[in-house]
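Dear colleague,

I am handing over the structure we spoke about, and it is placed directly below. My notes on what was found in it follow.

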Amino acid sequence: MEASAAERSHRPSLPEFKRNYPVFRFVGSSFISYCGDQIQLIAIPLLVLAITGSPVSMGTVTALERLPVLLQPLTGIWSDRLNRKTLLLLCDLGRGVITGLLGLLFIMDSLEMWHMYIGALTAGMLGQIYTTAQIASVPNLVRKSDLQTVNAVNSGFANLAVLAAPGLGGMVISLYNPGYAILVNSATFFISFLTVLSLPIRRAVAGPNTAKVRFNSFYEDVNYPPPALGLEVGASKVIVPSGTKFT
């Protein structure tokens with residue numbers, strides 16, 4: 001207990017909100033990443049439709065992209081136990097590579113449906129992890145008194161991405177084809193990656209990391225979830241696991 005208090009006392013003090021430039025970059029990187037998510041929402045189904053002409057295949061890929069929502073109890077545990085900055089970087093890098101490859105394969109007329117199935121499922125999984133780790137990282141960048149303000153700004157930019165990014169994606173698709181929209185999507189993830197890389201996100205102090213503790217945390221998230229935090233992203237509502245500790 002004393003060691004924990006001593007550790008907190010030695011942490012560098014955080015600047016007030018108006019001078020907290022790292023959190024501005026963090027919110028900006030999240031906005032760019034959310035824009036990529038929204039472009040992906042309309043571009044991926046159109047890729048499938050262009051390849052197969054089948055609404056059934058388009059629905060299957062969309063379902064695979066949404067399937068990782070079932071992993072939300074686990075993403076809360078991972079955000080508690082692992083380095084959140086590393087999670088954000090891996091998710092942005094992974095989604096940038098995956099969507100970039102899908103876009104290039106489509107433009108080269110080499111894209112096949114098995115590419116889409118794997119890509120949609122993996123990108124959806126990384127998106128779930130990113131959302132949880134992103135929201136849980138905010139308290140590590142701001143003063144407690146500024147937390148509500150930053151969360152409001154972050155939520156506002158997420159909603160702005162919902163409004164603005166699909167229009168951008170639609171414009172690129174109308175001028176070129178869905179493959180180029182996916183490449184724009186990929187670029188947003190790489191920009192977000194470079195921005196997060198420059199941020200001083202401290203690693204959260206976690207408790208015991210035994211197998212029993214991990215199982216109990218997962219069991220409580222699934223069977224006794226307290227009120228969860230909701231974030232509107234695209235056409236669906238992403239629920240951030242309540243077990244995530246915002247420390």
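Among the contacts in the protein with a separation of 6 or more, what percentage is accounted for by residues 24 or more positions apart? The share comes to 84%, and please keep in mind, here and in what follows, that this is a predicted model.

As for the overall architecture, the protein has 9 helices and 2 strands, and when the chain is read along the sequence the pattern is α-α-α-α-α-α-α-α-α-β-β, with the helices preceding the two strands. Of its 247 residues, 43% count as buried, while the area that the protein exposes is about 12,500 Å², of which carbon and sulfur atoms supply 67%.

I then turned to internal empty space. Rolling a probe the size of a water molecule over the atoms shows where such space is left. With a threshold of 30 Å³ or more, the count comes to 1 cavity, and the volume of the largest cavity is about 30 Å³, so please treat the count with that cut-off in mind.

The lining of the largest cavity consists of Q40, I44, E65, I98, T99, L102, G119, A120 and A123. Three helices each supply at least two residues of this lining, namely helix 2 (21-52), helix 5 (84-107) and helix 6 (113-137). Sorted by class, the lining has 5 nonpolar, 3 polar and 1 charged residues, and E65 is one of the residues that line the cavity.

With best regards

How values were computed:
Residues numbered from 1 in each chain as written. Predicted model: local features only at pLDDT ≥ 70, side-chain atom pairs only at ≥ 80, totals over all residues. Heavy atoms only, no water. 1 Å grid on protein atoms, 1.4 Å probe; cavity = no way out; pocket = protein on both sides within 12 Å on 5 of 7 lines; lining within 4 Å. Helix = DSSP H or I, 4+ residues; strand = E, 2+ residues; numbered from the N terminus. Nonpolar A, V, L, I, M, F, W, Y, C, P; charged D, E, K, R; others polar. Buried < 20%, exposed > 50% of the residue type's maximum accessible area, 1.4 Å probe, protein only. Contact = heavy atoms within 4.5 Å. Areas by Shrake-Rupley, 256 points an atom, 1.4 Å probe, with all protein chains shown as cover.
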